[in-house]
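Student: Could you take me through one part of this model closely? I would like to look at the metal site.

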Amino acid sequence: MVITIKNEAEIAAMRRAGRVVADILEILEASIRPGMKTSELNDIAERELAARGARSSFKGYHGYPASLCVSINDQVVHGIPGTRTIESGDIVSLDFGAIVDDYNGDAALTVAVGEVGLQAKRLIQTTTEALSAGIAAARAGGRLGDISAAIQRHAESRGFGVVREYTGHGIGRAMHEEPLVPNFGHAGEGLQLKPGMTLALEPMLTAGDWRTRLGADGWVVTTADHSLAAHFEHTIAITNGKAEVLTAREPKTAAEESAL
Ligand code: MF3
Ligand code: CO
């Protein structure tokens, strides 16, 4: 396995890429409305990337045709933006990556549009908490399995399924680097974490069974039982203390929040 340890200049580039990803995801979240086509979100993402002089991590990746993944309800990941209209009551997962100065940032979140059911709310809340649990477990000297186990424990303690067929990953010059970061596993096992490792953690949780199916377009992944799915992702750097979240949002003042 080739696990790259990034130096300070590389982490700084990843911080810039991560900030672009966080800012654009924030704009997308604020823009999402019932009646909107998913392609409109991709258009916004591409315009905002260009405005920042950044490139898409996704477009052209193994032939992927867009800069954003938009996955709705039972869609887990890799929904291709198109003519589908977002409706009130949908839960919409947005996954987005940007390249700045040759380094990648990758993050995702799930948004509730309009009034969604209690189960959908709990699923979204638990998935973001599972990501936080994974980040808290990402410590130099610890093991990759500590992250995986923390995510799995939190998800399953709330009765949700953890997708097995897709995982988090190392990230840097390439969007996908070694190692794989599964969302299930055993604490104390696997690769030892070291300062300068950069990882994308991305729990994908289901309200029902964790098994998935690949759609006819060869991209979109749905739950096999059509239960709801949620997805949150951050790019992080292992440090000597708490992991640094490279795709964290800039703290906003109340005035800036209300202007969004
Ligand atoms: N962001 C996804 C991941 O976390 C990758 C999207 S696949 C692509 O690995 F084809 F759209 F790029
Ligand atoms: Co990713």
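Tutor: Happy to; here is a walk through the cobalt site, with a short look at the cavity afterwards. This is a predicted model, in which local features need pLDDT of at least 70 and side-chain atom pairs count only at pLDDT 80 or more, while totals for chains, interfaces and linings use all residues. Residues are numbered from 1 along each chain as its sequence is written, chains are lettered from A and ligands numbered from 1 in the order in which they are written, and side-chain values use heavy atoms, with hydrogens and water left out.

The cobalt ion (ligand 2) is held by Asp-106 (OD), His-169 (NE2), Glu-202 (OE) and Glu-233 (OE), at 2.0 to 2.3 Å. Donors here are N, O and S atoms within 2.8 Å of the metal (3.2 Å for Na, K and Ca); water is not among the atoms, so sites may look incomplete. Along the chain, the donors of this ion follow the spacing D-x62-H-x32-E-x30-E. Asp-106 sits in strand β5 (residues 103–112) and Glu-233 in the loop between β13 (229–231) and β14 (234–237), so this pair ties together parts 127 residues apart in sequence. Strands (E, at least two residues) are DSSP runs, numbered from the N terminus.

Asp-106 counts as buried at 2% relative accessibility, and Glu-233 counts as buried at 0%. Buried means under 20% relative accessible area (1.4 Å probe, protein chains only).

As for the cavity, its lining includes Gly-170, Glu-177 and Thr-198. Strand β8 (177–181) and strand β9 (198–201) each supply at least two lining residues. A cavity is a set of points on a 1 Å grid over the protein atoms alone where a 1.4 Å probe fits but cannot get out, and lining residues have an atom within 4 Å of a point.

Technical notes
Helix = DSSP H or I, 4+ residues; strand = E, 2+ residues; numbered from the N terminus. Buried < 20%, exposed > 50% of the residue type's maximum accessible area, 1.4 Å probe, protein only. 1 Å grid on protein atoms, 1.4 Å probe; cavity = no way out; pocket = protein on both sides within 12 Å on 5 of 7 lines; lining within 4 Å.
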